[in-house]
Amino acid sequence: MKKYLKKLNKKQIEAVNHYKGPCMVLAGPGTGKTTIIINRITNLIKKYSVNPQNILVVTFTKAASKEMEKRLFAAQEVKKSYKEVTFGTFHSIFFRILKEYKGYKLEGLIKEQEKNRIIKSIIVRQGYGFFEDEQTVEGIIRELSYINNALIDSNNYTPTSCKKARFEDIDKEYKRYKKRKNAFDYDDMITHCYKLLMNDDMVLKELRDKYNYILIDEFQDINIAQFKTIRLIA
């Protein structure tokens, strides 16, 4: 048995030894999910001679991504090629794709605080009297984010935060603002990447050829847009 497998239990070894095709690991907190991912990366490279460039590791937080990288390089005698494994959050990985193929720049990113301010100013400009009701405004922003990540058009959605016609007006005005400013927000990083892959076969083929092995941490937290984008690549 390989040295890096000796501390794993039977089920962990089974997951680590998985080679091709989908595999889902169901486990509770503290049962070694990260350990499985790190050791599977090692196993793919050492046992199956997988090119590190063909491995994509996706996490939900930047801290988790950095921790995995750190643990991988501390877990065994690391060759320089191991650093060619791609680690990142959904947002960072999809942004890299948009940057490479569509020329997106971080200067165009609307951060959350700015997004809230823009949407509130749209509500004020449209003359809706509830602009001072923070709970209503927060609800609208939350639902705008939801329909984006669920790939739902506002025309086909019934909001709970305000009347449907008002919600649609706010959504359309915010989209016009982003288009006018050539800007995007964090939700757009996901949905714009999905649309790119849906509409550009060349880009999709390049990514499919590059990422043959995709490992996702905390998969149960994935949203529809993230899932559909990853499924396209896989």
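Asp, Glu, Lys and Arg count here as charged, while Ala, Val, Leu, Ile, Met, Phe, Trp, Tyr, Cys and Pro count as nonpolar, and the others, Gly among them, as polar. With these classes in hand, the second largest pocket of this predicted model can be described: its lining has twelve charged residues, eight nonpolar and seven polar. The volume of this second largest pocket is about 590 Å³. It is lined by 27 residues, and those closest to its centre are Lys 175, Lys 178, Asp 188, His 192 and Lys 195. Four elements each give at least two residues to this lining, namely helix H6 (134-149), helix H7 (164-181), strand E4 (184-185) and helix H8 (186-199).

The largest pocket makes a useful companion to study. About 900 Å³ of space lies in it. Its lining is made of 29 residues, with Cys 23, Met 24, Ile 214, Leu 215 and Ile 216 closest to the centre. By class, 19 residues of the lining of the largest pocket are nonpolar, four are polar and six are charged. Helix H2 (33-46), strand E5 (213-216) and helix H10 (224-233) each contribute at least two residues to that lining.

Stepping back to the whole chain, the secondary structure consists of ten helices and five strands. Along the principal axes, the C-alpha atoms fill a box of roughly 70 × 40 × 30 Å. The chain has 234 residues, and 45% of them count as buried. The exposed surface of the chain comes to about 13800 Å², of which carbon and sulfur atoms supply 50%. Contacts between residues at least 6 apart in sequence were also examined, and 69% of them join residues at least 24 apart.

Turning to the interior, the largest nonpolar core has 27 residues. Val 58, Phe 90, Phe 94, Ile 97, Leu 197 and Leu 207 have the most contacts inside this core. Strand E1 (55-59), helix H4 (90-102), H8, helix H9 (201-210) and H10 each supply at least two of its residues. A second, separate core holds 18 residues, including Ile 110, Ile 118, Ile 122 and Ile 147. Val 58 offers a good look at how one residue is surrounded: leaving out residues up to four places away in sequence, Val 58 touches Gly 88, Thr 89, Phe 90, Ile 93, Ile 214, Leu 215, Ile 216, Asp 217 and Ile 230. Three of these names, Ile 214, Leu 215 and Ile 216, also appear among the residues closest to the centre of the largest pocket.

A few loop residues complete the picture. Val 25 sits in the loop between helix H1 (10-16) and H2. Because its relative accessibility is 37%, Val 25 counts as partly exposed. When neighbours within four places in sequence are set aside, Val 25 is in contact with Ala 15 and Ile 36. Val 25 and Lys 11 are 14 residues apart in sequence, and their C-alpha atoms are 9.3 Å apart in space.

Asn 182 belongs to the loop between H7 and E4. Although not a glycine, Asn 182 has a positive phi of about 55 degrees. Its relative accessible area is 66%, so Asn 182 is exposed, since exposed means over 50%. Glu 218, in the loop between E5 and H10, likewise is not a glycine and has a positive phi of about 55 degrees. With a relative accessibility of 30%, Glu 218 counts as partly exposed.

Conventions
Residues numbered from 1 in each chain as written. Predicted model: local features only at pLDDT ≥ 70, side-chain atom pairs only at ≥ 80, totals over all residues. Heavy atoms only, no water. 1 Å grid on protein atoms, 1.4 Å probe; cavity = no way out; pocket = protein on both sides within 12 Å on 5 of 7 lines; lining within 4 Å. Points joined across faces, edges and corners; volume = space filled by probe spheres on them. Buried < 20%, exposed > 50% of the residue type's maximum accessible area, 1.4 Å probe, protein only. Contact = heavy atoms within 4.5 Å. Areas by Shrake-Rupley, 256 points an atom, 1.4 Å probe, with all protein chains shown as cover. Core = buried A, V, L, I, M, F, W, Y, C linked by side-chain atoms within 4.5 Å.
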